[in-house]
Amino acid sequence: MAKIEFAFPVDKVHGKVSKDHKIGFAHRKSSKLNYSTGYGKRSTPFSTDEVAHQTKFAAVAASTRLRMQDPSKITADQEGFREQSKYKTMYRYVFNLEWEAYTAG
C-alpha cells in the first residue's frame, strides 16, 4: 500500500481512473489517509455461498424494480418511506422491504 500526497487542487480521490486501469485511489475517513490499491482479476472461483448471495441479490433487485412500478403498492411504500428515517432513498427503503420478505419466505 503506497501513501499518496495530493497537490493543492486535489484534496482526495476515490475509485478507479478508468475501466482499463488496474490501479485505483481511495480515502480512509477514520485515519484521513489517501492510498492506492490494485484491482486485478479474481484468481479463485466463486464459492457456493457467494453464488447464492449473488443470486439472492439479483432476485431482490429485480423484484424491487417491479414493486416500484406497481401502482397498488406505490402509495403505501411512499407513506412508509416518509415515516422512517433510516433509509435516505426510496429505492433503498423498498429494497430492504423486499430483502426482508425474501429472507423470511
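Contact here means heavy atoms within 4.5 Å of each other. By that rule, R67, M68 and Q69 in helix α1 meet P71, K73, I74 and D77 in helix α2. Sorted by type, the residues of this α1 with α2 contact split into 3 nonpolar, 1 polar and 3 charged; Ala, Val, Leu, Ile, Met, Phe, Trp, Tyr, Cys and Pro go down as nonpolar, Asp, Glu, Lys and Arg as charged, and the others, Gly among them, as polar.

A quick word on the ground rules. This is a predicted model, where local features need pLDDT of at least 70 and side-chain atom pairs count only at pLDDT 80 or more, while totals for chains, interfaces and linings use all residues. Residues are numbered from 1 along each chain as its sequence is written, and side-chain values use heavy atoms, with hydrogens and water left out.

**The overall layout**

The chain has 3 helices and 3 strands, and reading along the sequence gives β-β-β-α-α-α. Helices (H or I, at least four residues) and strands (E, at least two) are DSSP runs, numbered from the N terminus. Buried residues are 19% of the 105 residues in the chain, where buried means under 20% relative accessible area, exposed means over 50%, and partly exposed covers what is in between (1.4 Å probe, protein chains only). Of the contacts with a separation of 6 or more, 36% are between residues 24 or more positions apart. About 8500 Å² of the chain is exposed, and carbon and sulfur atoms supply 57% of that; the areas come from the Shrake-Rupley method with a 1.4 Å probe, and for residues only the protein chains shown count as cover.

**How the helices cross**

Helix α1 (residues 48-69) packs on α2 at an angle of about 95 degrees, with the axes 6 Å apart. That makes α1 roughly perpendicular to α2. Axes are lines fitted to C-alpha atoms, for helices over the stretch in contact, and angles run from 0 to 180 degrees between N-to-C directions. Under 35 degrees counts as roughly parallel, over 145 as roughly antiparallel, 65 to 115 as roughly perpendicular, and the rest as oblique.

On to α2 and helix α3 (residues 90-104): their axes come within 10 Å and cross at roughly 105 degrees. These two helices are therefore roughly perpendicular to each other as well. From α2, I74, D77, Q78, G80 and F81 meet M90, Y93, V94 and L97 in α3. The residues of this contact divide into 6 nonpolar, 2 polar and 1 charged.

**D77 and three other buried residues**

D77 belongs to helix α2 (residues 71-83) and counts as buried at 4% relative accessibility. Not counting residues up to four places away in sequence, D77 touches R67, M90, Y93, V94 and L97.

V94 sits in helix α3. T64 and V60 are both in helix α1. Here is how the three look, with contacts listed apart from neighbours within four places in sequence:

| Residue | Relative accessible area | Contacts |
|---|---|---|
| V60 | 1% | F95, E98, W99 and Y102 |
| T64 | 0% | Y91, V94, F95 and E98 |
| V94 | 1% | T64, R67, M68 and D77 |

V94 turns up in the C-alpha distances too. V60 and V94 are 34 residues apart along the chain, with their C-alpha atoms separated by 9.9 Å. V94 and R65 are 29 residues apart in sequence, and the C-alpha to C-alpha distance is 9.0 Å.

**The aromatic rings**

Rings of Phe, Tyr and Trp (its six-membered ring) pair if their centres lie within 6.5 Å; planes under 30 degrees apart count as stacked, over 60 as edge-to-face, and the rest as tilted. The rule yields 6 aromatic pairs. In one of them, F81 and Y93 have ring centres 6.0 Å apart and planes at 55 degrees, so the pair is tilted. F81 lies in helix α2 and Y93 in helix α3, so the pair ties together parts 12 residues apart in sequence. F81 is partly exposed, at 21% relative accessible area, whereas Y93 counts as buried at 13% relative accessibility.

There's a ring cluster as well: F57, Y91, F95 and W99 are linked into it by ring pairs. Two of these names, F95 and W99, also appear among the contacts of V60, and Y91 and F95 among those of T64.
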